[in-house]
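The exercises below are meant to be worked with the sequence and the model side by side. Try each task before reading the solution that follows it.

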Amino acid sequence: IDHQVFGWSSSAMKLEKSELDCSVEVPLVAILSNPLSTTNAAGMNDIRELVGHSANVIHFELNGMETMDEAMALFARANPALLVINGGDGTIGAAFASILYSGAFSPVPPIAILPGGKTNMTAADFGSKGKPVKILRRLLKLAKNGELAERLTKRNVIEMDLGDGEMPKVGTFFGAAGIVKGIYWCRENAYAIGLPNTVAHVYSVMKLVASAMGVGKDKDILVSDPMSITVPGTCRIAGQYTSVVSTTLETLLLGVKPYAFKNGGTGGLRFSAIESGAGNTLRAAKGFFTGAFGDKSLDGIHVRRSDEVRVEGTDLVTLDGEIYQPVPGKPVTLRGDKELTFVSLK
């Protein structure tokens with residue numbers, strides 16, 4: 001049986017084909033890469049070499065995020081059995097937005113994530129840890145052996161409407177209050193001195209938690225401006241917060257799970273808010289270690305499940321590491337009722 005090896009050359013802007021003779025049908029795999037993502041910057045040649053020696057693969061390297069819809073339209077015409085996104089959390093979110101809003105796919109194929117960026121929180125939650133080329137080799141083997149079906153899982157995504165009239169942003173992790181300040185601190189103090197990712201995250205968390213508990217000079221690093229938060233049908237709260245998180249991921253950095261498990265409603269969004277103050281931070285930290293966080297009522301800590309969360313305030317917010325300024329007088333609205341199918345390597 002004759003089959004095809006597909007290689008996409010973004011510089012030549014054409015689809016090159018060469019024949020491959022084999023006795024086993026190989027499902028078509030579409031790979032989207034951002035060569036400028038942090039990890040990819042040093043490892044794209046390994047990805048290209050693997051693609052060049054693999055059957056039935058389309059590889060599109062982004063030339064800026066404005067080429068995202070072009071890539072998705074190409075992939076949709078090819079009708080792949082698997083869509084692989086190779087990039088950081090920002091690239092992944094942009095790809096999700098294109099999948100949901102461009103209307104290219106019907107239906108959307110299963111999605112696998114490669115850890116091509118700096119933090120790679122979304123990839124890690126699906127068990128994609130290590131060098132992207134090694135994970136891609138494993139995915140291609142699963143596809144070739146017909147083993148993808150047993151690895152599939154459904155997961156909701158976050159649609160974030162800033163109230164600016166633009167298309168919602170899409171991702172898996174929203175943060176406000178000290179979360180954004182913590183991201184800036186990590187970038188400027190931990191990443192800047194060249195610490196490895198995991199070491200940088202541990203160092204930053206220790207420093208920021210100590211600050212929130214009143215230890216050290218910078219006691220207000222994680223204190224937000226006044227804000228109000230509404231989880232329709234369950235709660236409306238207002239005040240200053242150390243942490244505001246909404247996510248569809250099961251596990252965040254360092255294995256943290258800051259959301260409800262047993263009680264707190266239903267819905268695609270896992271939400272938690274920790275009021276500012278040393279005592280609240282201490283109770284939250286203790287709750288993480290004992291398993292009480294999200295399972296028991298803790299003073300100063302709010303945990304819910306919902307399909308919608310509204311955040312009103314002046315602080316910057318983040319979705320998958322990208323920073324956004326809320327529109328004055330407009331709430332940031334999060335919705336989590338849409339889901340995609342993913343490949344889990346756990």
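Helices (H or I, at least four residues) and strands (E, at least two) are taken as DSSP runs and numbered from the N terminus. On that basis the chain has eight helices and 18 strands. The model is a predicted one, in which local features need pLDDT of at least 70 and side-chain atom pairs count only at pLDDT 80 or more, while totals for chains, interfaces and linings use all residues. Residues are numbered from 1 along each chain as its sequence is written, and side-chain values use heavy atoms, with hydrogens and water left out.

**Exercise 1. Check the length of helix α1 and find what covers its buried residues**.

Step one is the length. The expected span of a helix is 1.5 Å times one less than its number of residues. Helix α1 (residues 40–52) has 13 residues and should therefore span 18 Å, and the 17 Å between its end C-alpha atoms agrees with this.

Step two is burial, where buried means under 20% relative accessible area, exposed over 50%, and partly exposed in between (1.4 Å probe, protein chains only). The buried residues of α1 are Asn 40, Gly 43, Met 44, Ile 47, Leu 50 and Val 51. As a general rule, an α-helix has 3.6 residues a turn, so residues three or four places apart point the same way.

Step three is the cover, judged by contact, which means heavy atoms within 4.5 Å. The elements covering the buried residues of α1 include the strands β3 (29–33), β4 (57–61), β5 (82–87) and β6 (111–115), together with helix α5 (132–144).

**Exercise 2. Examine the backbone at Pro 107, Asn 56 and Asp 320**.

Begin with the general expectation: most residues other than glycine have a negative phi, and most peptide bonds are trans. The bond joining Ser 106 and Pro 107 is cis, with omega about 0°, and Pro 107 lies in the loop between α3 (89–101) and β6.

Next, consider phi. Asn 56, in the loop between α1 and β4, is not a glycine, yet has a positive phi of about 55°; Asn 56 counts as buried because its relative accessibility is 10%. Asp 320, placed in the loop between β16 (317–319) and β17 (322–324), likewise has a positive phi of about 55° without being a glycine. With a relative accessible area of 7%, Asp 320 is therefore buried.

**Exercise 3. Trace the open sheet of six strands and locate the helix that packs on it**.

First establish the order. Two strands pair if DSSP finds at least two bridges between them, and the order found is β14-β13-β12-β9-β16-β17, with antiparallel pairing. The edge strands, each pairing on one side only, are β14 (301–306) and β17. From one strand to the next the twist averages 15°.

For the helix, axes are lines fitted to C-alpha atoms, for helices over the stretch in contact, and angles run from 0 to 180 degrees between N-to-C directions. Helix α8 (residues 278–290) packs on the sheet, where it touches β12 (241–247), β13 (269–275) and β14, and its direction makes about 140° with that of β13.

Finally, look at one pairing within the sheet: β9 (residues 173–177) and β16 run antiparallel and are joined by two bridges, with Phe 174 standing opposite Leu 319 in β16.

**Exercise 4. Describe the largest nonpolar core and the other core that lies apart from it**.

A nonpolar core is a set of buried Ala, Val, Leu, Ile, Met, Phe, Trp, Tyr and Cys residues joined through side-chain atoms within 4.5 Å. The largest holds 27 residues, of which Leu 32, Met 72, Phe 75, Phe 96 and Ile 111 touch the most other members. Two or more residues of this core come from each of β3, β4, α2 (68–78), β5, α3, β6 and β18. Leaving aside neighbours within four places in sequence, the contacts of Phe 75 include Ile 31, Leu 32, Phe 60 and Leu 83.

Apart from this core lies another of 22 residues, including Met 160, Cys 235, Val 309 and Val 311. Its member Met 160 has Leu 334 in β18 as bridge partner. Strand β7 (residues 152–161) pairs with β18 in the antiparallel sense over nine bridges, and four bridges join β15 (residues 308–312) to β18, also antiparallel.
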